[in-house]
Amino acid sequence: MQAGRRVCCTDWDFNFGLHHCRFHGEGYQEGYAEGSHAGVIEGSRYGALHGAKIGSEIGYYLGFALTWQRLLHRSAEEKPSKKKIKALESLIGMIQKYPFEDPIYDKLHEDLEKIRGKFKQVCSLLNIQSDFRINPERSALTF
């Protein structure tokens, strides 16, 4: 009997164990590589989808604010409220400072929530319902 080997092991058992370990390791590496690749693809799709939703939402807020800003300035009926104008300008400024090109910005969602809150405040000042939703079934905005 050789030193370091069990009594019940034959050369066939020993060789089988070596091959089993090698194939297990190779299979793990191949599976890991394929899973990583699939994860990158899925993550990219997920990021693009949610980035587009956020972009649509913020684009709506900006268009809304700019339109109301113009309407209030052109209104001949009454002088626009300074509070309304200031709130609209604040919303526009927040949107213009939003870091669209920096996906790793650590306050991305926090700033988005502030924009949503400011939008709701503006809607309240203008006596407008602030119900913004993206309809995924129709690929259209609903208000």
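## Helix α2 and its neighbours

Let's start with Q69, which has its place in helix α1 (residues 11-74). This is a predicted model, and the briefing follows Q69 to helix α2 (residues 82-97) and then on to helix α3 (residues 108-126).

**Q69 in α1**
- Q69 counts as buried because its relative accessible area is 17%, and the cut-off for buried is under 20%.
- If you set aside neighbours within four places in sequence, the contacts of Q69 are L88, E89 and I92.
- Of these partners, L88 and I92 are among the buried residues of α2.

**Helix α2 itself**
- Helix α2 is 16 residues long and spans 22 Å from its first C-alpha to its last, close to the expected 22 Å at 1.5 Å a residue.
- At the N-terminal end of α2, S81 acts as the cap, with a side-chain oxygen 3.2 Å from the backbone nitrogen of K83.
- The buried residues of this helix are I85, A87, L88, L91, I92, G93 and I95.
- An α-helix has 3.6 residues a turn, so residues three or four places apart point the same way.

**How α2 packs on α3**
- The axes of α2 and α3 lie 10 Å apart, and the two helices pack at an angle of about 155°.
- The pair is therefore roughly antiparallel, since angles over 145 degrees count as such.
- Their crossing is left-handed.
- On the α2 side, the residues that meet α3 are K83, K84, A87, L88, S90, L91, M94 and I95.
- Their partners in α3 are K114, I115, K118, F119, V122, L125 and L126.
- L88 appears in both settings: it is in contact with Q69 and it is one of the α2 residues that meet α3.

Conventions: Residues are numbered from 1 along each chain as its sequence is written. This is a predicted model: local features need pLDDT of at least 70, side-chain atom pairs count only at pLDDT 80 or more; totals for chains, interfaces and linings use all residues. Side-chain values use heavy atoms; hydrogens and water are left out. Helices (H or I, at least four residues) and strands (E, at least two) are DSSP runs, numbered from the N terminus. The expected span of a helix is 1.5 Å times one less than its number of residues. Buried means under 20% relative accessible area, exposed over 50%, partly exposed in between (1.4 Å probe, protein chains only). A polar contact is a pair of N or O atoms within 3.5 Å; within protein, one must be able to donate a hydrogen and the other to accept it, and residues adjacent in sequence count only if both atoms are side-chain atoms. Axes are lines fitted to C-alpha atoms, for helices over the stretch in contact, and angles run from 0 to 180 degrees between N-to-C directions. Angles under 35 degrees count as roughly parallel, over 145 as roughly antiparallel, 65 to 115 as roughly perpendicular and the rest as oblique. A crossing is left-handed if the near helix is turned anticlockwise from the far one by less than a right angle, and right-handed if clockwise. Contact means heavy atoms within 4.5 Å.
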